[in-house]
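Here are some notes to read alongside the coordinates, arranged as numbered points. They begin with the packing of the interior and end with individual residues.

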Amino acid sequence: MNTAVVPISLSHVPAFRAALDTVAKEKRFLAMVEAPPLEQMESFVGGNISKNVAQFVALDGDRLVGWADIIPAWAHGVSHRGSLGMGVIPGYRGQGIGRQLLDACINKSWGNGLTRIELEVRADNLAAIRLYKALGFVHEGVKQRGMRIDGVYYDTLQLGLLRHEA
């Protein structure tokens with residue numbers, strides 16, 4: 001399999017929404033259980049493109065198989081940090097696609113001036129936690145009952161990555 005990681009474009013939005021919906025409906029990895037409406041996704045992606053936000057997709061030929069983004073915080077006192085979101089559809093996990101997406105997003109985020117990237121992950125998502133730690137993210141805390149899906153609580157972990165400045 002030869003996947004390409006590329007910056008997202010508006011033409012990717014329908015496929016991005018479909019991939020997001022697929023992962024969300026698994027109810028194992030994301031806080032949402034379905035993707036937002038297409039119009040909302042178009043607005044989100046369009047805004048990110050206009051602000052040069054780190055947002056990438058992974059393509060297997062014409063098929064969008066994963067995404068990652070690091071959304072900068074908006075308030076002045078926290079504008080040095082961004083929040084990571086990502087996903088890879090079933091059948092494409094465990095092949096290095098997530099790492100490629102994260103490498104692209106992290107590099108662009110550092111280039112955009114961010115100095116901290118943070119994320120929240122379900123404590124039972126061991127594969128994602130291994131990936132994040134392999135990329136240098138460190139465990140910063142636990143949110144007990146940080147997520148609730150269909151009435152079931154899950155602890156979540158806070159992880160962070162700092163850009164080391166010379």
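**Notes on a predicted model**

1. R145 lies over the face of Y153, at 4.5 Å from the ring centre. Please bear in mind that this is a predicted model, so that this placement, like every value below, is computed. A second arginine, R122, is likewise set over a tyrosine ring, that of Y154, at 3.5 Å from the ring centre. As for rings paired with rings, a search of the whole structure returns 2 aromatic pairs.

2. The largest nonpolar core has 46 residues, and within this core Y132 and F137 are the residues that touch the most other members. The element that gives the most to this core is helix α3, spanning residues 97-111, with 7 residues.

3. The surroundings of F137 deserve a look of their own. Once neighbours within four places in sequence are set aside, F137 is in contact with L84, I106, I117 and L119, with Y132, and with L159, G160 and L161.

4. The largest pocket has a volume of about 1,200 Å³. Its lining is made up of 43 residues, of which L30, G85, M86, G87 and Y132 are the closest to the pocket centre. Y132 therefore deserves attention twice over, being named both among these residues closest to the pocket centre and as one of the two residues that touch the most other members of the largest nonpolar core.

5. Several elements contribute to the lining of the largest pocket: the helices α1 (13-24), α2 (38-50), α3 and α4 (126-134), together with the strands β3 (63-72), β4 (81-88) and β5 (116-122), each supply at least two residues. The largest share, 6 residues, comes from β4.

6. Is T3 buried or exposed? T3 has its place in strand β1, which covers residues 3-7, and T3 counts as buried because its relative accessibility is 16%, where the cut-off for burial is under 20%. Leaving aside residues within four places in sequence, T3 is in contact with L59, D60, V65, I97 and Q100.

7. L59, one of the contacts of T3, is found in strand β2, residues 54-60, and is buried, with a relative accessible area of 16%. L59 and A4 are 55 residues apart in sequence, while their C-alpha atoms are 5.2 Å apart in space. Not counting residues up to four places away in sequence, L59 touches N2, T3, A4 and V6, as well as H12 and L64.

Note on methods: Residues numbered from 1 in each chain as written. Predicted model: local features only at pLDDT ≥ 70, side-chain atom pairs only at ≥ 80, totals over all residues. Heavy atoms only, no water. Phe/Tyr/Trp six-rings, centres within 6.5 Å; stacked < 30°, edge-to-face > 60°. Lys NZ or Arg CZ within 6 Å of the ring centre and 35° of its normal. Core = buried A, V, L, I, M, F, W, Y, C linked by side-chain atoms within 4.5 Å. Buried < 20%, exposed > 50% of the residue type's maximum accessible area, 1.4 Å probe, protein only. Helix = DSSP H or I, 4+ residues; strand = E, 2+ residues; numbered from the N terminus. Contact = heavy atoms within 4.5 Å. 1 Å grid on protein atoms, 1.4 Å probe; cavity = no way out; pocket = protein on both sides within 12 Å on 5 of 7 lines; lining within 4 Å. Points joined across faces, edges and corners; volume = space filled by probe spheres on them.
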